[in-house]
Amino acid sequence: MGRPRRRPVDRRSERTRGLRASRPADNSRNPAALLIIGVHREELAFGERVAEGLGPELIDLLRIPEGISGRRPHPDQVFYYELQHRELYRQIKDQIHGHYSLVVDLHCGLDQAGPCADVISRDTGLLVCVERQATERFGTTPGSRPVRAVVLEGQASTSSPPGVAQGRTVIPPGVWDDPALCYVGLEVYLRRPGAGDERDWALARWLIRAVLACRPGAQLAADHL
Ligand SMILES: [Zn+2]
């Protein structure tokens, strides 16, 4: 894969104007993995803190400067909410198409029992691998397992493995069910609103490293997690 090409941004939208993944000048490592932060604007500060602790040699970064609101819509706004998601993800996909084989889309939510997280993908092999890493790291005691795998049922899905929850998402299937792309959504639950704290960021970074180690074709090196 060569240098990222600049693609024309849809001039009708201010939201993703100039949106480009940041890559180091030395592009020799070419990880073909991308971390997206700020799809929901309320979660951008959290994503920035997480990204600060990840080296550029590990994963490229796509920061959405003006994301959409992730707040649950009023029932009469659901159509518009879903439309906004489709449009933003379409623009993101236009920007990254052909450059990346793995996309980690970082989000955050609230849970007083946090920090904990959902890992969401249609790739059951990756999910089972991340769960195994999480069990080794955090143990198997109920209540002490902060990571939950959630499988999205795609076109090519077989039955989901036992113990893996099924989920739905507002993210368009054209992104998470694209055969050319391994999409992984991370929803990290913070104990209080805001940008999170060291424990939250540490869990998110650990998960991103686990996803990279578990990606299709990766040589799993758990001691590096
Ligand atoms: Zn979000």
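In this talk I will go through the fold of one protein chain, starting from the sheet and then turning to the helices that pack on it.

Please keep in mind throughout that what we are looking at is a predicted model. The protein chain has five helices and seven strands, and if you read along the sequence you meet them in the pattern β-α-β-α-β-β-α-β-β-α-β-α. Of the 225 residues in the protein chain, 35% are buried. As for how the chain is connected in space, if we take the contacts between residues at least 6 apart in sequence, 75% of these join residues at least 24 apart.

Let me begin with the sheet. It is an open sheet of seven strands, with mixed pairing, and the order across it is S2-S1-S3-S7-S4-S5-S6. The edge strands are S2, residues 60–63, and S6, residues 165–167, each of which pairs on one side only. On average, and with direction ignored, neighbouring strands of this sheet are turned by 30 degrees against each other.

Within that order I would like to look at strand S4, residues 116–121, and at what lies on either side of it. On one side S4 pairs with strand S7, residues 182–190, in the antiparallel sense over five bridges, and in this pairing Cys116 stands opposite Tyr189, while Ala117 stands opposite Val188. With strand S5, residues 147–152, S4 runs parallel, and five bridges join the two; here the bridge partner of Ala117 is Val147. Ala117 therefore has a partner in S7, namely Val188, and one in S5, namely Val147, and strands in a sheet pair through backbone hydrogen bonds, either parallel or antiparallel. How much of S4 is buried? Five of its six residues are, so the strand is largely enclosed by the rest of the structure.

Turning now to the other end of the strand order, S1 and S2 pair in the parallel sense over four bridges, with Ile36 standing opposite Leu62 in S2. Along S2 the side chains alternate, in that Asp60 and Leu62 point to one face and are buried, whereas Leu61 and Arg63 point to the other face and are not. Together with helix H1, these two strands make a right-handed β-α-β unit, in the order S1, H1 and S2.

Helix H1 itself covers residues 44–52 and packs on the sheet, where it touches S1, S2 and S3, and its direction makes about 145 degrees with that of S1. Its buried residues are Leu44, Phe46, Gly47, Val50 and Ala51. Because these residues cover an arc of only 155 degrees around the axis, they are placed on the same side of H1. What covers them includes S1, S2 and S3, and also helix H5.

Helix H3, residues 124–138, also packs on the sheet, touching S4, S5 and S7, and its direction makes about 175 degrees with that of S5. Its length can be checked: at 1.5 Å a residue, the 15 residues of H3 should span 21 Å, and the end C-alpha atoms are 20 Å apart, which agrees. The buried residues in H3 are Leu126, Leu127, Cys129, Val130, Glu131, Gln133 and Ala134, and what covers the buried residues of this helix includes S4, S5, S7 and helix H5, residues 198–214. Just after H3, Gly139 takes a positive phi of about 85 degrees.

I will finish with one residue from H3 and one from H5. Leu127, in H3, has 26 C-beta neighbours inside 10 Å and therefore counts as buried, given that the cut-off is 20 or more. Leaving aside its neighbours within four places in sequence, Leu127 is in contact with Val119, Ser121, Ala149, Val151 and Val164. Leu127 and Arg215 are 88 residues apart in sequence, yet their C-alpha atoms are 9.4 Å apart in space.

The second residue is Ile208, in helix H5. Is Ile208 buried or exposed? With 22 C-beta neighbours inside 10 Å, it counts as buried. With neighbours within four places in sequence again left aside, Ile208 is in contact with Leu35, Leu54, Ile59 and Val104. One of these, Ile59, is 149 residues away from Ile208 in sequence, while the C-alpha to C-alpha distance between the two is 9.1 Å.

How values were computed:
Residues numbered from 1 in each chain as written. Predicted model: local features only at pLDDT ≥ 70, side-chain atom pairs only at ≥ 80, totals over all residues. Buried ≥ 20, exposed ≤ 12 C-beta atoms within 10 Å, placed from the backbone. Pairing = 2+ DSSP bridges. Axes fitted to C-alpha atoms, helices over the stretch in contact; angles between N-to-C directions. Contact = placed C-beta atoms within 7 Å. Expected span 1.5 Å × (residues − 1). Arc of directions from axis to C-beta. Right-handed = clockwise from strand over helix to strand, strands pointing away.
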